Amino acid sequence: MALFERFAPLMHAHDAVKAAGTDPFGVRMDRVLSPTEAVIKGRRTLLAGTNNYLGLTFDSGCIAAARSAMETFGTGTTGSSIANGSYGGHRALERALAEFFDREHGMVFSTGYQANLGIISTVAGPKDYLIIDADCHASIYDACKLSSATVIRARHNDPADLDKRLQRLAEQPGDKVIVTEGIYSMLGDQAPLAEIAEVKRRHGAYLVVDEAHSLGVLGETGRGLAQAAGVEADVDFVVGTFSKSLGAVGGFCVSNHPDFEVLRIVCRPYMFTASLPPSVIASVRAALETVARRPDLRHRLWRNIGTLYDALERRGFLLGPQKGPVVAVRLPSPEMAIHLWQALLNAGVYVNLALPPATPSGEPLLRCSVCAAHTTEQLRHMVDVLTDIAYDAGLLEPQMRAAAG
Ligand SMILES: Cc1ncc(COP(=O)(O)O)c(C=O)c1O
């Protein structure tokens, strides 16, 4: 059998998607003009699919900090955190993260993917159980593959199902570790964290929450869903990424677990990869300070979320169940999703195309992400363009076109 023959159905499906125009999974930005605009295929394009929730990618403080660190410390560490890759900035960021989350310990990883891979695969051992939400991100699924624990999938956002599964394990001696996300990355819905925390307490389990999409977005000081739900004390390990609200790349975990520091010498995705470049560390430190100092960014983001979600809903689009920085437009078929995505890009609007099996419940989605830096005019323009395209494609009822935007 030829080496990649098993991918033939996927390659054919990808060819069909590409035949419609631009490859949605291979978009190239010629230039990035700001957090909300780039040049794609020679055209000035509105960015509404970048996870740049607070618009910090062009923050002057972050850029100055990164530039200065690069000039002082060079372009990269060229080594792992446990060898030559821990500089003063790395430790300072870990302390800053711990302080931001009001935790004892913090640990920085090279990506959010690796943070999940490392923490989830290491906290649960061979006699333990990982109980993950079915809609968890690929990094959490991959962590389960790397782990020696028994993995159980609980129904999405269903504390009763979680409770039932933990009840079945009641007589088993191993530790039970529940894994959820704060805001789910595809549909933008939030975990019912207060109820999950209640189940966790009842069964004496541990709780890991991936706040990738909720850091800087939810909670009084931007700590995420656990803060917003008032259950931070029940979350044993907070995992997150620097690649969304913090506008850079990297991942982290914070915790109060007394033996947390042992992870530095047992957690393979931390130990066996190079640490982040000093410039990235410096820009993330500046971004974290900005999140703490500027709640107005979060407030602006939420105003923009309301503007986009309400306008799309009024026009008759079927959306994800909850308002948040991820606004998912649910579509009836992959063909419709691909057509709308291509037409949007041709009209100068970039969003993410998400196709089954990478989406929950097999639904094709246009995944839009909102940025604090979007102007109301940009969001209204995007809604108008999408409405026109959806109307022409027969997705929306004619009377919806005229609905107030
Ligand atoms: C929920 C969730 N966790 C983790 C990650 C991985 O983050 P990173 O891009 O830093 O690897 C993502 C990325 O999309 C995500 O959506």
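Which residue forms a salt bridge with R201? In this predicted model, the partner is D234, and the closest N and O atoms of the two lie 2.7 Å apart. The contact spans distant parts of the chain, since R201 sits in helix α7 whereas D234 belongs to the loop between α8 and β9, 33 residues away. The two partners also differ in their surroundings: D234 is buried, with a relative accessible area of 13%, while R201 is partly exposed, at 46%.

A neighbour in the sequence of R201 takes part in a similar link. K200 pairs with D236 through a salt bridge of 2.8 Å, taken from N to O. Here again distant parts of the chain are brought together, with K200 in helix α7 (residues 193–203) and D236 in the loop between α8 (225–229) and β9 (237–241), 36 residues apart. Both K200 and D236 are buried.

Salt bridges appear elsewhere too, and the count for the model comes to 18. One of them joins the side chains of D296 and R294, at 2.6 Å from N to O. D296 counts as partly exposed because its relative accessibility of 32% falls between the limits of 20% and 50%. R294 is likewise partly exposed, with a relative accessible area of 27%. Elsewhere, salt bridges link R91, E94, E261 and R264 into a network.

Attention can now turn from contacts to open space. The largest pocket holds about 1,000 Å³, and 43 residues line it. Nearest to its centre lie H137, A138, M186, A358 and T359. Several elements each give two or more residues to this lining, namely α1 (8–19), α4 (112–123), α5 (138–146), β9 and β13 (352–354). Of these, α1 gives the most, with 5 residues. Both domains take part as well: at least three lining residues come from domain 1 (14–47 + 295–401), and at least three from domain 2 (58–293). By class, the lining of the largest pocket comprises 23 nonpolar, 15 polar and 5 charged residues.

The second largest pocket contains about 210 Å³ of space. Its lining includes T122, V123, D128, D175, V177 and Y206, together with F237, H257, D259, F260, V262 and L263. These residues divide into 7 nonpolar, 2 polar and 3 charged.

How values were computed: Residues numbered from 1 in each chain as written. Predicted model: local features only at pLDDT ≥ 70, side-chain atom pairs only at ≥ 80, totals over all residues. Heavy atoms only, no water. Salt bridge = Lys/Arg side-chain N within 4 Å of Asp/Glu carboxyl O. Helix = DSSP H or I, 4+ residues; strand = E, 2+ residues; numbered from the N terminus. Buried < 20%, exposed > 50% of the residue type's maximum accessible area, 1.4 Å probe, protein only. 1 Å grid on protein atoms, 1.4 Å probe; cavity = no way out; pocket = protein on both sides within 12 Å on 5 of 7 lines; lining within 4 Å. Points joined across faces, edges and corners; volume = space filled by probe spheres on them. Nonpolar A, V, L, I, M, F, W, Y, C, P; charged D, E, K, R; others polar. Domains from an automatic or database assignment.
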